[in-house]
Amino acid sequence: MPATTQNEIWSPQVIAAFISVGGVLLSSIFGYISSYYGNQQSQKNELRKIEKNQQKYIEQQNKLEKDKSLRSALQKLTYLFYQTDFDSQIHHTYFNTPEGLDSFNDVMSYVTAYGNQLSTQTAIYLQKAMFESNLLSKHYGTLEILAADALNYQIDWTRYETNAIACLLIAQIRYDISKELINPKDLLAAKYNNVNPNLKLFFETGVDNFIDMLNLDHFIQFKQTKDDLQ
């Protein structure tokens, strides 16, 4: 049998065969690498998706817990605000009775834990008003003029301030929960049902003063206008 020469070994057919086999091998390697990194990226994307859904679920649960707690605080606060069955000769408001103070402590704990900064601040000022801080003392003279002869009793400023801030806190907590804006003065009107324009102005101006003091800017639209004061 004749010996195979070097030229025959590296004939065009053999080289083509090597190139073909090399191409297949390279294609397989690149395919494997591409598939590997593709799977890695797919797993990372899936993991990020799972983490995002878990975070969303946690946020939803936290919001539900927050809203549940704030609604409980809102219900108790509204009851305290409208409760009139107490001895007004001893207590300024129902907030100041032993039962009222217990309920208010619950309200404070919920609002402090779950309310926003404005709600917490308003609740703190309500507590100050309940304990006779006389927050609007520099306005008392002007407020008495607004009431004019419509009042036939000495003004209980603690009761006045407590009610003014309480109606604001009720409106603020509702805003915390749903971003729903209600006029806090409507709550006050429902409680006192005043038809005397001087008394209406007297009570509502107190609310206006606290809107400014507490920086509750979203309630500015409900403040008295110059036309209202004329």
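**Reading helix H5 and the core around it**

Author: Let's start with helix H5, residues 140-147, in this predicted model. Its buried residues are Tyr140, Leu143, Leu146 and Ala147.

Reader: Why do these buried residues lie on the same side of H5?

Author: A good way to read this is to look at directions around the axis. Here Tyr140, Leu143, Leu146 and Ala147 cover an arc of only 115°, so they sit on the same side of H5.

Reader: And which helices do the buried residues of H5 pack against?

Author: Their partners are helix H6 (157-178) and helix H8 (197-213). Just after H5 comes alanine 148, with a positive phi near 50°.

Reader: How many helices and strands does the protein chain have?

Author: It has 9 helices and 0 strands. Of its 230 residues, 34% count as buried.

Reader: Which residues touch the most other members of the largest nonpolar core?

Author: To read a core, look for its best-connected members. This one has 50 residues, and Leu77, Phe95, Leu126, Ile173, Phe202 and Phe210 touch the most other members. Several helices each supply at least two residues, among them H2 (12-82), H3 (98-114), H5 and H8. H6 gives the most, with 12 residues.

Reader: What is phenylalanine 95 in contact with, leaving aside its neighbours within four places in sequence?

Author: Its contacts include Leu77, Leu80, Phe81, Phe104, Leu126, Met130 and Ala166.

Reader: How many of the chain's contacts between residues at least 6 apart join residues at least 24 apart?

Author: Of those contacts, 70% do.

Definitions and conventions. Residues are numbered from 1 along each chain as its sequence is written. This is a predicted model: local features need pLDDT of at least 70, side-chain atom pairs count only at pLDDT 80 or more; totals for chains, interfaces and linings use all residues. Side-chain values use heavy atoms; hydrogens and water are left out. Buried means under 20% relative accessible area, exposed over 50%, partly exposed in between (1.4 Å probe, protein chains only). Helices (H or I, at least four residues) and strands (E, at least two) are DSSP runs, numbered from the N terminus. The arc is that of the directions from the helix axis to the C-beta atoms. Contact means heavy atoms within 4.5 Å. A nonpolar core is a set of buried Ala, Val, Leu, Ile, Met, Phe, Trp, Tyr and Cys residues joined through side-chain atoms within 4.5 Å.
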